[in-house]
Amino acid sequence: MMAARAMGSTTCRMVTACESYLPMVKLMKKVLRLNDMERQIKLINKRSDELELGVDINSRAQVLVSEILDSELLGEGLIPSLQHAHDMLLVESPETVPFRATTYGQLVESTFLWKLHDLRGNEAEACDGIRLVPTGFENVLGVKPQQYAFHCDAIADEVKLLSEPFKIFEFDFSKRPESRGETELSIKATDDGRVHAVISWWILQLDREGTIFYSTAPRWINLPVNISHGDWCDHWKQCVWFVPGEGMSVNKDEEVCLHAVHTDISISYTIKSPVSRNKRMQYDFTGRDFKLILPPERIAIYGDSEWRHTMFNAISNALQGRVDPLCIVADDSVFLTLLIAHLSKTSHVISFFPGLQDKGLQYLQAVASANNFSVDRVEYIKKKKTKLTVHDTHQRKVDLLIAEPFYYGTDSMLPWQNLRFWNERTMLDSVLSEDALIMPCKAILKACALSIPDLWNSRRSLSKIEGFDHSVVNSTLGACGELPGEQEGPCLPYFIWQCGNVKKLSEAFTVMEFDFSKPIMPSHGKSQVEFTEPGICHGFALWIDWVMDSENSIVLSTGPDKRYWKQGVKLLAKPVGVGKSCSSAVIEASFDPSSGDLDVRHAFS
């Protein structure tokens with residue numbers, strides 16, 4: 001719409017727009033109609049690389065406007081899209097917006113980032129006898145070697161900078177890019193330390209003259225006067241590339257050699273040690289035939305001594321007095337499977353691995369010997385839980401049904417989606433013994449009130465943008481603020497501690513409990529919220545505390561102060577000032593077992 005307005009055309013369709021996702025096309029048509037722009041813009045439901053000259057557009061275009069960018073820059077297919085556009089759709093030397101993109105990086109030391117990928121180094125402190133990454137199997141379990149989008153400003157106080165920022169790659173949108181490129185940089189260390197990661201970001205130059213810029217740099221970077229740090233947003237973050245293992249030790253003024261490679265969809269790095277410039281610090285997939293890939297947060301959890309100690313105590317208590325127990329691990333926890341096999345030499349373990357599937361069994365086979373148990377004591381069953389019978393459990397009833405719970409591939413879901421464990425416990429009711437121990441035995445939905453302006457503003461409903469009315473998209477996109485009628489704000493999964501400016505306005509309180517000793521059922525809870533701090537309330541954080549024993553003495557929390565778990569954030573349609581004039585609120589929640597959805601309502605008083 002801005003392009004059409006800039007060209008001054010009121011009747012002739014001189015602007016062609018393309019979008020492959022049909023729901024977004026329908027939204028775009030609504031916005032065009034609302035702004036009386038339907039006659040000026042030709043909208044095509046195709047990917048840009050599916051457009052054909054002479055079919056979709058009459059002649060080659062003089063101007064390309066695009067926003068095919070992710071946090072890494074290349075992950076949404078920027079290079080293939082530009083290649084096709086230059087080959088098939090554009091005139092030679094076209095005008096492009098953006099004009100250029102440049103990626104930058106910085107070497108950092110950060111214990112927090114190290115814990116997100118080096119499980120072998122972190123579990124060395126554990127005294128439970130379990131080795132998820134045994135000696136000689138260094139690559140059997142870890143993270144995928146890639147750049148991870150991350151709000152680095154949230155750990156600014158935990159990062160030690162070991163270099164000045166350095167330029168890595170530059171992409172000129174007005175020219176056809178190459179599918180592959182590489183560069184080797186010599187970077188001087190600015191301090192003694194251990195390089196745990198490369199933090200990277202990009203800067204867009206939007207115009208040819210170089211007067212308009214946009215940056216995703218962390219706030220500790222001193223940008224030129226004509227480039228400013230943008231507001232907090234969740235769609236573009238910085239990126240983190242983990243240096244393998246314990247990282248690389250460097251001394252001040254030493255030269256570090258960074259080798260960077262880009263494909264058409266990603267950027268990767270290897271680092272040469274200053275001690276041996278021929279030895280590269282890189283991810284090694286040789287030596288062993290198998291590697292189980294888990295998310296960084298799960299790697300950090302499995303390396304956390306406190307979490308492991310809690311699990312160790314819970315499982316030890318559960319197995320006490322049980323001879324030859326039959327145990328089912330209902331989720332994707334390789335740790336719990338190993339732990340049971342380690343603690344009870346006579347146990348038989350059935351693991352479902354609903355997300356990991358065969359990969360879970362392959363991993364156990366790889367590490368069984370190093371953990372001193374026979375792999376024939378562990379069984380992987382693919383059968384749906386609704387069809388499981390005592391025939392599958394060798395004519396035996398199950399003594400112990402457990403989960404963390406952790407379900408592979410659900411990282412972006414709301415925390416109560418893990419209540420699927422309750423549903424699975426219900427489906428397995430016919431094979432459970434009368435005294436079967438279910439762990440966790442219950443879940444507690446907890447909440448607290450938050451002032452969280454950056455997140456709220458990033459989800460705020462749209463109205464006029466550069467003079468164009470976008471209000472028709474709000475109900476579809478799940479916005480908050482100035483919503484019509486009684487429309488509720490959305491409930492979304494976030495690492496709250498990474499959401500910019502955050503302030504707790506109340507103590508944590510219990511909304512409802514879920515009792516796993518009983519079959520799954522609709523549940524309802526209601527709680528009074530007493531505000532302990534004055535401020536602007538933008539919503540509520542919601543999370544699950546997992547109670548592992550019937551005495552309520554072993555509880556695993558996934559609240560906002562636990563940085564490896566996402567919480568649900570229920571955003572208010574409109575922020576509410578709390579304090580003297582508004583000192584309390586009521587929050588209600590209803591759980592629907594048929595869908596797994598949680599409906600959350602609130603009222604201020």
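In this predicted model, five strands build an open sheet in the order β22-β21-β20-β23-β24, with parallel pairing. Its edge strands, each paired on one side only, are β22 (378-380) and β24 (432-439). From one strand to the next the twist averages 20°. Helices (H or I, at least four residues) and strands (E, at least two) are DSSP runs numbered from the N terminus, and two strands pair if DSSP finds at least two bridges between them. Residue numbers start from 1 along each chain as its sequence is written. Because the model is predicted, local features need pLDDT of at least 70 and side-chain atom pairs count only at pLDDT 80 or more, while totals for chains, interfaces and linings use all residues; side-chain values use heavy atoms, leaving out hydrogens and water.

At one edge of the sheet, strand β21 (residues 348-351) and β22 are joined in the parallel sense over three bridges, and serine 351 has tyrosine 380 as its bridge partner in β22. Towards the other edge, helix α10 (residues 420-427) lies across β23 (398-402) and β24, running at about 170° to β24. Here axes are lines fitted to C-alpha atoms, for helices over the stretch in contact, and angles run from 0 to 180 degrees between N-to-C directions.

Two helix pairs share α8. Helix α7 (residues 305-319) packs with α8 at an angle of about 50°, their axes 10 Å apart. That makes α7 oblique to α8, a label for what remains once angles under 35 degrees count as roughly parallel, over 145 as roughly antiparallel and 65 to 115 as roughly perpendicular. The crossing of α7 and α8 is right-handed, meaning that the near helix is turned clockwise from the far one by less than a right angle. On the α7 side, the contact (heavy atoms within 4.5 Å) includes Trp307, Arg308, Met311 and Phe312; on the α8 side, Phe335, Leu336 and Leu339 are among the residues involved. By class, the contact of α7 with α8 has ten nonpolar, one polar and one charged residue. In this scheme Ala, Val, Leu, Ile, Met, Phe, Trp, Tyr, Cys and Pro are nonpolar, Asp, Glu, Lys and Arg are charged, and the others, Gly among them, are polar.

Helix α8 (residues 334-343) also meets helix α9 (residues 358-367), the axes coming within 11 Å and crossing at roughly 40°. That makes α8 oblique to α9, and α8 passes α9 in a right-handed crossing. Val334, Thr337 and Leu338 of α8 touch Tyr363, Leu364 and Val367 of α9, a contact with five nonpolar, one polar and no charged residues.

Elsewhere, strand β35 (residues 584-592) pairs antiparallel with strand β31 (residues 523-530) over eight bridges, and with strand β36 (residues 597-604), also antiparallel, through eight bridges. Serine 590 of β35 is the bridge partner of histidine 524, and its partner in β36 is aspartate 599. β35 and β36 form a hairpin with four residues between them, where glycine 596 in the turn has a positive phi of about 80°.

Some backbone details deserve a friendly pause. Most residues other than glycine have a negative phi, and most peptide bonds are trans. The bond from glutamate 404 to proline 405 is cis, with omega near -5°, and proline 405 sits in the loop between β23 and α10. The bond from methionine 439 to proline 440 is cis too, with omega near 5°. Aspartate 324, in the loop between α7 and β20 (326-329), has a positive phi near 55°.
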